[in-house]
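I sat down with this model to see what I could look up in one sitting. These are my notes, in the order I made them.

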Amino acid sequence: MANLKKLIYFLNQLEKMKIYYKLNKVRNEAIMVEVAVPGQRWEIEFMEDGTIEIEKFISDQDFYDSNELDVLLRDFSD
């Protein structure tokens, strides 16, 4: 139950600070909070065993033109 309290507290803090988030479920044992802030994206997973895992994706501040679409598709396709 303490895990749920931590999750709810965190969501309330995000809302209070007007930070955009969405909930997702990728693993059977966790609820993920996806957060988007300028220059970063966070994936915070609240695990059923009480642990919290945080992964941050930080922008390199580079912007790409439409040619990058082909690179993305080439590099990340099966």
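The entries below go from the core to the charged pairs and then to the surface.

**Entry 1: the core**

I kept in mind that this is a predicted model. I started with the largest nonpolar core and found 8 residues in it: Leu7, Leu11, Leu14, Tyr21, Val33, Val35, Ile44 and Phe46. Next I checked who supplies them: α1 (2-16), β2 (30-37) and β3 each give at least two residues to this core. The largest share comes from α1, with 3 residues. That fits the usual picture, since in soluble globular proteins nonpolar side chains tend to be buried together.

I then picked Val33 and listed its contacts, skipping neighbours within four places in sequence. Val33 touches Leu7, Phe10, Leu11, Leu14, Tyr21, Lys22, Leu23, Trp42, Glu43, Ile44 and Phe46. Glu43 in that list caught my eye, and I went there next.

**Entry 2: Glu43**

Glu43 sits in strand β3, residues 40-47. Is Glu43 buried or exposed? I get 18% relative accessibility for Glu43, so it counts as buried, the cut-off being under 20%. I looked for a polar partner and found one: the side chain of Glu43 makes a polar contact with the side chain of Arg41, at 3.0 Å. Beyond neighbours within four places in sequence, Glu43 is in contact with Met32, Val33, Glu34, Glu53, Ile54, Glu55 and Phe57.

**Entry 3: Glu45**

I moved along to Glu45, which is also a strand β3 residue. Glu45 is buried as well, because its relative accessible area is 7%. Which side chain does the side chain of Glu45 make a polar contact with? I found Arg27, at 2.8 Å. Leaving out neighbours within four places in sequence, I wrote down Arg27, Ala30, Ile31, Met32, Thr51, Ile52 and Glu53 as the contacts of Glu45.

**Entry 4: salt bridges**

How many salt bridges are there? My count is 4. I noted three pairs from this set, beginning with Glu45 and Arg27, whose closest N and O atoms are 2.8 Å apart. Glu45 lies in strand β3 and Arg27 in the loop between β1 (21-24) and β2, so this pair ties together parts that are 18 residues apart in sequence. Arg27 is partly exposed, at 28% relative accessible area.

Arg27 turns up again with Glu53: they form a salt bridge, with the closest N and O atoms 2.6 Å apart. This pair links distant parts of the chain, with Glu53 in strand β4 (residues 52-58) and Arg27 in the loop between β1 and β2, 26 residues apart. Glu53 comes out as partly exposed because its relative accessibility is 36%.

The other pair I noted is Arg74 with Asp75, whose side chains meet in a salt bridge at 3.0 Å, N to O. Arg74 is exposed, at 58% relative accessibility, and Asp75 is partly exposed, at 44%. Back at the shared partners, I see that salt bridges join Arg27, Glu45 and Glu53 into one network.

**Entry 5: a surface patch**

Last, I looked for nonpolar side chains on the outside. Leu69, Leu72 and Phe76 make a nonpolar surface patch of about 350 Å². I checked one of them further: Phe76 is in helix α2, residues 67-76. Phe76 has 69% relative accessibility, so it counts as exposed.

Key:
Residues are numbered from 1 along each chain as its sequence is written. This is a predicted model: local features need pLDDT of at least 70, side-chain atom pairs count only at pLDDT 80 or more; totals for chains, interfaces and linings use all residues. Side-chain values use heavy atoms; hydrogens and water are left out. Patches are made of residues with over 30% relative accessible area and no salt bridge: like charges are joined within 9 Å, nonpolar side chains (Val, Leu, Ile, Met, Phe, Trp, Tyr) within 5 Å. Accessible areas come from the Shrake-Rupley method with a 1.4 Å probe; for residues, only the protein chains shown count as cover. Helices (H or I, at least four residues) and strands (E, at least two) are DSSP runs, numbered from the N terminus. Buried means under 20% relative accessible area, exposed over 50%, partly exposed in between (1.4 Å probe, protein chains only). A polar contact is a pair of N or O atoms within 3.5 Å; within protein, one must be able to donate a hydrogen and the other to accept it, and residues adjacent in sequence count only if both atoms are side-chain atoms. Contact means heavy atoms within 4.5 Å. A nonpolar core is a set of buried Ala, Val, Leu, Ile, Met, Phe, Trp, Tyr and Cys residues joined through side-chain atoms within 4.5 Å.
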